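Dear colleague,

Please find below the structure that I am handing over to you. I should be grateful if you would keep it open while reading the remarks that come after it.

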Amino acid sequence: MKIGVLALQGDFAEHISMLKKIGVETAEVRLPKHLESLDGLIMPGGESTTIGKLAVAYDLMKPLQEFGKSHAIWGTCAGAIFLSKDIGRDQPLLGLMDIKVQRNAFGRQVDSFETDLEIVELFKATGTEHPYHAVFIRAPIIESVHGKAKVLSQLEDGRIVAAQEGHLLATSFHPELTDDTRFHEYFISLAS
Amino acid sequence: MEAKTGTWTEKKGLAQMLKGGVIMDVVNAEQAKIAEDAGACAVMALERVPADIRADGGVARMSDPDMILKIMDAVSIPVMAKCRIGHFVEAQILESIGVDYIDESEVLTPADEEHHILKHNFKVPFVCGCRNIGEALRRIGEGAAMIRTKGEAGTGDVVEAVRHARSVIGAIKQIQNVDDEELMTFAKNNGAPYELIKEVKTLGRMPVVNFAAGGVATPADAALMMQLGVDGVFVGSGIFKSGDPAKRAAAIVKSVTHYQDASILAEVSKNLGEAMVGRNAAHMPEAEKLAVRGW
């Protein structure tokens, strides 16, 4: 099992250290050739505009779209934005997941927050029941899911913060900034 | 559970999202758009870039909040703004208008020549400059959630940025080899909080994200700082004091991502037009150096 982490910009090193913690081999992905021999890909938090522009500049858009047809991809925050079909503004998107996302949906940095989430699928898959502590930073929300995409987790007010479509996974929050490896384990199960 | 805002994880976390990126100084909404379009991961809103502050002399203060708000409206990426060292009321004002990060900066004229702001008192995160490990850890002790090595702002000369980055990163390596019995004396000799020195030893790195600043003018400069081991770069005067800001900005963004790939660095370094004129920082009179501000 070898998982790539898109290393154009953002907190890719944090994802790599989480993957190492659960014994998974990793690789940094900056160019199309780096996708070879990977079983899955994580797209980290960062600035989605920066990541999108660099993906276009280094011809990664098509290869990433092809990769996503047959491999697991997980986007956290900026990565979730990049995976989506629609964000209501003009910037490069992979359009792999049938979800509509709104950037910076909670406001500015002073509105960034931490909270506990109930994520039934995750608890089932990992055989655990304690709440998932989630860190949101200038976070997007998933406004709506369409087609085969389904909701994985919502805030108490109903806003969607995690979604899944087959082997594709999107979270508004940052499991890589916590010590809780359950989401990474869940993703590895999708990539297997 | 109640949602918690303004936590240490949140403050440090935004800086982690900026890693591998370029934060650019901008003086108006048009420049902010150019920076965002070039791939900046954040912008620093200020009235004058450091090169102009140097040229103009006089007292440099926090920028007009209206100008900062216009930049916040113009772009979707995080917006930082500077307050003077020790000027906690400027910081309160910047927090109240909703900037994403405050830079308590030596580029502005200090308001207090003995004390920095107690940054733990704020919900908004702060970045501070440093020249060495002691200064970095004192700032973190006061609540800075991100550090930048100072370099010498407004010069276009990378020599001081290299000096400060080597000093900090060298000290982190040194701490790994210091016996636990010797850590207190190391803390004393470096003027650094003991608990943070211990944390550096455990982590093997700085407890918060560390960018380079002060003198980066070319893609090669930016990649040099990355190879030395910083997490990202600030570019101040280097972009909008150059011949073709949009092109140079995009090239520096690419150079930070592909900092280990010399063939890509060669490609992005081509035909960038005039770099900023620059000023030799090593031969600058001590009194003109901004980096010595900070205690």
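The following paragraphs set out what was found, first for each chain and then for particular residues. Please bear in mind throughout that this is a predicted model.

**Chain A**

The secondary structure of chain A consists of 6 helices and 12 strands. Its radius of gyration is 15 Å, close to the 16 Å that the globule rule gives for 192 residues, so chain A is as compact as a globular protein of that length. The C-alpha trace of chain A extends over about 40 × 40 × 35 Å along its principal axes.

Of the 192 residues in chain A, 62% count as buried. If one takes the contacts in chain A between residues at least 6 apart in sequence, 65% of them join residues at least 24 apart. The chain exposes about 7100 Å², and carbon and sulfur atoms supply 48% of that area. As to charge, chain A carries 19 positive and 26 negative side chains, and the centres of these two sets lie 6 Å apart.

**Chain B**

Chain B contains 13 helices and 9 strands. The radius of gyration here is 18 Å, close to the 19 Å given by the globule rule for 295 residues, so chain B is as compact as a globular protein of that length. Its C-alpha trace spans about 55 × 45 × 45 Å along the principal axes.

Buried residues account for 59% of the 295 residues in chain B. Among contacts in chain B with a separation of 6 or more, 67% are between residues 24 or more positions apart. The accessible surface of chain B amounts to about 11300 Å², with 49% of it belonging to carbon and sulfur atoms. Chain B has 33 positive and 40 negative charges, whose mean positions are 2 Å apart.

**Helix α2 of chain A**

One helix deserves a separate paragraph. Helix α2 of chain A covers residues 48-57, and 7 of its 10 residues are buried, so the helix is largely enclosed by the rest of the structure. The buried residues are A:Ser48, A:Thr49, A:Thr50, A:Ile51, A:Gly52, A:Leu54 and A:Ala55.

Which elements do the buried residues of this helix pack against? Within chain A, they pack against β1 (2-6), α3 (61-70) and α4 (78-83). In chain B, their partners are α2 (29-38) and α12 (245-257).

**Two residues with positive phi**

Most residues other than glycine have a negative phi. Two residues of chain A may therefore be worth your attention when you inspect the backbone, as each has a positive phi without being a glycine.

A:Asp59 comes just after helix α2 of chain A and lies in the loop between α2 and α3. Its phi is about 50°. A:Asp59 is exposed, with a relative accessible area of 56%.

A:Asn104 has a phi near 45°. This residue is located in the loop between β6 (97-102) and β7 (113-117) of chain A. At 25% relative accessibility, A:Asn104 counts as partly exposed.

**Aromatic pairs**

Over all chains, the structure holds 12 aromatic pairs. A:Phe173 and A:Phe183 form one that is edge-to-face, at 5.7 Å centre to centre and with 75° between the planes. A:Phe173 lies in the loop between β12 (168-171) and α6 (182-191) of chain A, whereas A:Phe183 belongs to helix α6, so the pair ties together parts that are 10 residues apart in sequence. Both A:Phe173 and A:Phe183 are buried.

In chain B, the ring centres of B:Phe211 and B:Phe234 are 5.7 Å apart and the planes meet at 70°, so this pair is edge-to-face. The pair links distant parts of the chain, with B:Phe211 in strand β8 (residues 209-212) and B:Phe234 in strand β9 (residues 233-235), 23 residues apart. B:Phe211 and B:Phe234 are both buried.

Finally, A:Phe173 and A:Phe183 belong to one aromatic cluster in chain A. The other members of that cluster are A:Trp74, A:Phe106, A:Phe113, A:Tyr132, A:Phe136, A:Tyr186 and A:Phe187.

With kind regards

Terms used:
Residues are numbered from 1 along each chain as its sequence is written. Chains are lettered from A and ligands numbered from 1 in the order in which they are written. This is a predicted model: local features need pLDDT of at least 70, side-chain atom pairs count only at pLDDT 80 or more; totals for chains, interfaces and linings use all residues. Side-chain values use heavy atoms; hydrogens and water are left out. Helices (H or I, at least four residues) and strands (E, at least two) are DSSP runs, numbered from the N terminus. The radius of gyration is taken over C-alpha atoms; the globule rule is 2.2 Å times the number of residues to the power 0.38. Buried means under 20% relative accessible area, exposed over 50%, partly exposed in between (1.4 Å probe, protein chains only). Contact means heavy atoms within 4.5 Å. Accessible areas come from the Shrake-Rupley method with a 1.4 Å probe; for residues, only the protein chains shown count as cover. Lys and Arg count as positive and Asp and Glu as negative; His and the chain ends are not counted. The place of a charge is taken as NZ of Lys, CZ of Arg, CG of Asp or CD of Glu. Rings of Phe, Tyr and Trp (its six-membered ring) pair if their centres lie within 6.5 Å; planes under 30 degrees apart count as stacked, over 60 as edge-to-face and the rest as tilted.
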